[in-house]
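Trainee: Could you take me through one part of this structure slowly? I would like a close look at a single strand and the partners around it.

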Amino acid sequence: GVSLFNSEICENRRDPVMQNRSSLLMLGAVCTLIGVAHAPPADAQFLSLGETYLRGDLGFSWAKDAEIVDKNFGLDGFIFDSSGTGPGVVNDIGSSYVLGIGMGVRLAPQFRGDVVYSYRGGYELDDTDQFGDSFSGDVKSHSVMANLYWDIPLQMASFQPFVGGGIGWAGNHMKDISTTDGGTFLLPEGETSNFAWQAMAGVSFAVSQQAAVDVFYRYFDGGKLQVEEGPVLFDDGTPAGPYTGARGELNAHELMLSLRWTLGP
């Protein structure tokens, strides 16, 4: 089918393979540079009890299958199976950059906690259902997470491993969703407000008496995605009828780089 969006948008979509390869090479280079740099004293990266820090995050997120389906296929379904008569699914929302900022504190000798706001603004629905109808549109997510980390007591000269987990809130937004189904249609936008959780594992590198860099993997569960109930429009803007909406999930694997700066007690 032909998406409501013109071919220029399709042509300008980033190649996910090249994006993923570039992001991995970038993070690998950062780790290498940190590893070969002169290491400060082993305890420089660790806060004293009660000391606080600021952190800034940059990373890449690769979404798992979103499993987007019609809420009421029998009434007004748009997502078909291979026969064109039953409910189908669309999955691919691609990848996104991640930006974050937060503040934390040393809670105990091997434990620290922080609160972090993150923005994922680059996901794009770009998939076809099993019948061959195309779906496209933007997917964005905001999250605020409270995290707890265990700095594993295997202190090395320049780095220390850690694991962590967090819970919080995620707000997910789907917009400009279009589909081809015997024509080209624009579906309603959708927003959700969800409980979210995440799990992390990585390594902290000391770079000065006040600064540390964390390189880590994170699994993020951002909860529900949805297309809300509302009117469907033809590509010329005229009404095509009501729609009860669609629902899916936002779950992602992420590679992250975080700079922590100690503020003091």
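Mentor: Happy to: what follows is a walk around strand β4 and some of its partners. Keep in mind that this is a predicted model.

Let's begin with where we are. Strand β4 covers residues 111–128, and Arg112 is one of the residues in it. Is Arg112 buried or exposed? With a relative accessibility of 0%, Arg112 counts as buried, because anything under 20% falls in that class.

Now look at what the side chain of Arg112 meets. One partner is Asp151, and the two form a salt bridge whose closest N and O atoms are 3.2 Å apart. Asp151 sits in strand β5, residues 134–151, so this pair ties together parts that are 39 residues apart in sequence. Asp151 is buried as well, at a relative accessible area of 3%.

Arg112 has another salt-bridge partner, Asp214, and here the closest N and O atoms are 3.9 Å apart. Asp214 belongs to strand β9 (residues 211–227), and the pair links distant parts of the chain, 102 residues apart. Both Arg112 and Asp214 are buried. If you step back a little, you can see a network of salt bridges that links Arg112, Asp151 and Asp214 with Arg106 and Arg260.

Move along strand β4 and you come to Arg120. Its side chain meets that of Glu254 in a salt bridge, at 2.6 Å from N to O. Glu254 lies in strand β12, so this pair ties together parts that are 134 residues apart in sequence. Glu254 and Arg120 are both buried. A search of the whole structure finds nine salt bridges.

Since we have reached strand β12, pause at Leu250, which is in that strand (residues 246–264). Leu250 counts as buried, because its relative accessibility is 0%. Leaving aside neighbours within four places in sequence, its contacts include Tyr123, Ile93, Phe220 and Gly223. For Leu250 and Gly223, the C-alpha atoms are separated by 5.6 Å, although the two residues are 27 apart along the chain.

Finally, go back to strand β4 for a residue with another setting. Val115 is in this strand, and it is partly exposed because its relative accessible area, 46%, lies between 20% and 50%. Which residues join Val115 in a nonpolar surface patch? They are Ile101, Tyr117, Val144 and Trp169, and the patch they make with Val115 is about 440 Å². So, to sum up strand β4, Arg112 counts as buried, while Val115 is partly exposed.

Note on methods. Residues are numbered from 1 along each chain as its sequence is written. This is a predicted model: local features need pLDDT of at least 70, side-chain atom pairs count only at pLDDT 80 or more; totals for chains, interfaces and linings use all residues. Side-chain values use heavy atoms; hydrogens and water are left out. Helices (H or I, at least four residues) and strands (E, at least two) are DSSP runs, numbered from the N terminus. Buried means under 20% relative accessible area, exposed over 50%, partly exposed in between (1.4 Å probe, protein chains only). Contact means heavy atoms within 4.5 Å. Patches are made of residues with over 30% relative accessible area and no salt bridge: like charges are joined within 9 Å, nonpolar side chains (Val, Leu, Ile, Met, Phe, Trp, Tyr) within 5 Å. Accessible areas come from the Shrake-Rupley method with a 1.4 Å probe; for residues, only the protein chains shown count as cover. A salt bridge is a side-chain nitrogen of Lys or Arg within 4 Å of a carboxyl oxygen of Asp or Glu.
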